[in-house]
Amino acid sequence: MVKLLVAVVVLLLLLVAVDIGARVYSQDQLAKTIDRDVAGAQATVAISGFPFIVHLAADGRVDKITAHLAQASDGAFILNRIVITVTDVRIDRRWFLDHHQLKLHSIGTGTVVADMTQANFDHLVAFPVVLGAGTAQATVAGITVTARASVADNHIELSGLPVSIPIPALPVLPCKANVEIVPGNLVASCTFHGIPPALMIPVLQPS
């Protein structure tokens with residue numbers, strides 16, 4: 001009986017190790033695909049849900065995928081500290097079984113949050129603007145103006161100031177963004193229901 005119990009425990013530990021290894025491998029492969037197509041991304045990916053392999057093999061489902069990117073840019077428009085989260089993820093099960101790689105088929109809901117630092121914001125405006133707690137301040141023609149941020153026609157605007165910054169099409173920002181000013185940063189966020197381009201780029205071939 002003791003030997004049987006030991007064998008069962010060893011088998012369970014091996015299964016857990018295989019499951020963890022498959023998850024880590026899939027996270028690494030997805031991070032590499034993001035890094036390949038998003039300049040400066042330096043992505044890390046976390047996949048939630050246990051057991052990982054059983055859910056994928058049974059119904060092609062992953063509870064949640066979270067990707068952290070250091071940067072995404074289009075010219076002078078630079079976002080930092082980007083977090084993309086997708087939940088209720090459906091995977092191409094046949095592709096996973098054949099190639100051992102994640103290929104997203106659909107998602108339930110996704111969110112993205114990204115920062116634009118004061119230094120990067122400065123490159124987009126023609127005069128000094130200080131990003132504070134909820135508002136921005138600038139002195140124009142000797143008059144100090146306190147402004148709030150909003151998005152109109154896909155442009156970031158500051159009320160009362162001649163600031164209108166076009167938001168480029170970025171693979172990490174797949175939806176109409178909301179913006180918020182916090183000290184030293186402009187924070188962009190949005191919610192979406194389709195696979196973001198950053199996660200639907202071509203899958204790497206096995207190395």
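**Reading strands, links and turns in a predicted model**

Guide: Let us begin with one pair of residues, for V113 has S189 as its bridge partner in β13. Please keep in mind throughout that the model is a predicted one.

Visitor: Before we follow that pair, what does the secondary structure of the chain come to?

Guide: The chain comes to 4 helices and 13 strands. Of its 207 residues, 42% count as buried, and the chain exposes about 10900 Å², with carbon and sulfur atoms supplying 61% of that area. When we look at contacts between residues at least 6 apart in sequence, 57% of them join residues at least 24 apart.

Visitor: Returning to V113, how many bridges join β5 to β13, and in which sense do the two strands run?

Guide: There are 8 bridges joining β5 to β13, and the two strands run antiparallel. Strand β5, residues 109-117, also pairs with strand β3, residues 77-91, in the antiparallel sense over 6 bridges. V113 appears in this second pairing too, for the bridge partner of V83 in β5 is V113, while in β13 the partner of V113 is S189.

Visitor: Which strands form the open sheet, and in what order do they stand?

Guide: The open sheet has 3 strands in the order β6-β7-β8, and their pairing is antiparallel. The strands β6 (130-131) and β8 (143-147) stand at the edges, each with a single partner strand, and therefore one side of each has no neighbour in the sheet. Between β6 and strand β7, residues 136-140, the antiparallel pairing extends over 2 bridges, and here L131 stands opposite A136 in β7.

Visitor: How should I read a disulfide, and how many does a search of the whole structure find?

Guide: A disulfide is a covalent bond between the sulfur atoms of two cysteines. A search of the whole structure finds 1 disulfide, formed by C175 and C190, whose sulfur atoms are 1.9 Å apart. The link of C175 and C190 is right-handed, with 70° about the S-S bond. It connects distant parts of the chain, for C175 is in the loop between β11 (164-166) and β12 (178-182), whereas C190 is in strand β13, residues 185-192, and the two cysteines are 15 residues apart.

Visitor: Are these two cysteines buried or exposed?

Guide: A residue counts as buried when its relative accessible area is under 20%. C175, with a relative accessible area of 17%, is therefore buried, and C190, at 5%, is buried as well.

Visitor: Which residues does L173 touch, leaving out those up to four places away in sequence?

Guide: L173 touches L79, V112, I167 and C190 when those residues are not counted, so one of its contacts is a cysteine of the disulfide. L173 lies in the loop between β11 and β12, and at 10% relative accessibility it counts as buried. L173 and V112 are 61 residues apart in sequence, yet their C-alpha atoms are 6.9 Å apart in space.

Visitor: Where is Q27 placed, and with which residues is it in contact beyond its sequence neighbours?

Guide: Q27 is in helix α1, residues 2-37, and at 15% relative accessibility it counts as buried. Leaving aside neighbours within four places in sequence, Q27 is in contact with V45, A46 and I47.

Visitor: How are aromatic rings to be read, and how many aromatic pairs are counted here?

Guide: A pair of aromatic rings is described by the distance of the centres and the angle of the planes. In this structure the count comes to 0 aromatic pairs. A ring can also be read together with a charge, and here the charged end of K103 sits over the ring of W95, 4.4 Å from the centre of that ring.

Visitor: What can the backbone angle phi tell me about D153 and N154?

Guide: Most residues other than glycine have a negative phi, and most peptide bonds are trans. D153 has a positive phi of about 50° although it is not a glycine, and N154, likewise not a glycine, has a positive phi of about 60°. D153 is placed in the loop between β9 (149-152) and β10 (155-158), and N154 also lies in the loop between β9 and β10. As for their surroundings, D153 counts as exposed at 74% relative accessibility, whereas N154 is partly exposed, with a relative accessible area of 40%.

Terms used:
Residues numbered from 1 in each chain as written. Predicted model: local features only at pLDDT ≥ 70, side-chain atom pairs only at ≥ 80, totals over all residues. Heavy atoms only, no water. Buried < 20%, exposed > 50% of the residue type's maximum accessible area, 1.4 Å probe, protein only. Contact = heavy atoms within 4.5 Å. Areas by Shrake-Rupley, 256 points an atom, 1.4 Å probe, with all protein chains shown as cover. Pairing = 2+ DSSP bridges. Phe/Tyr/Trp six-rings, centres within 6.5 Å; stacked < 30°, edge-to-face > 60°. Lys NZ or Arg CZ within 6 Å of the ring centre and 35° of its normal. Disulfide = S-S within 2.5 Å.
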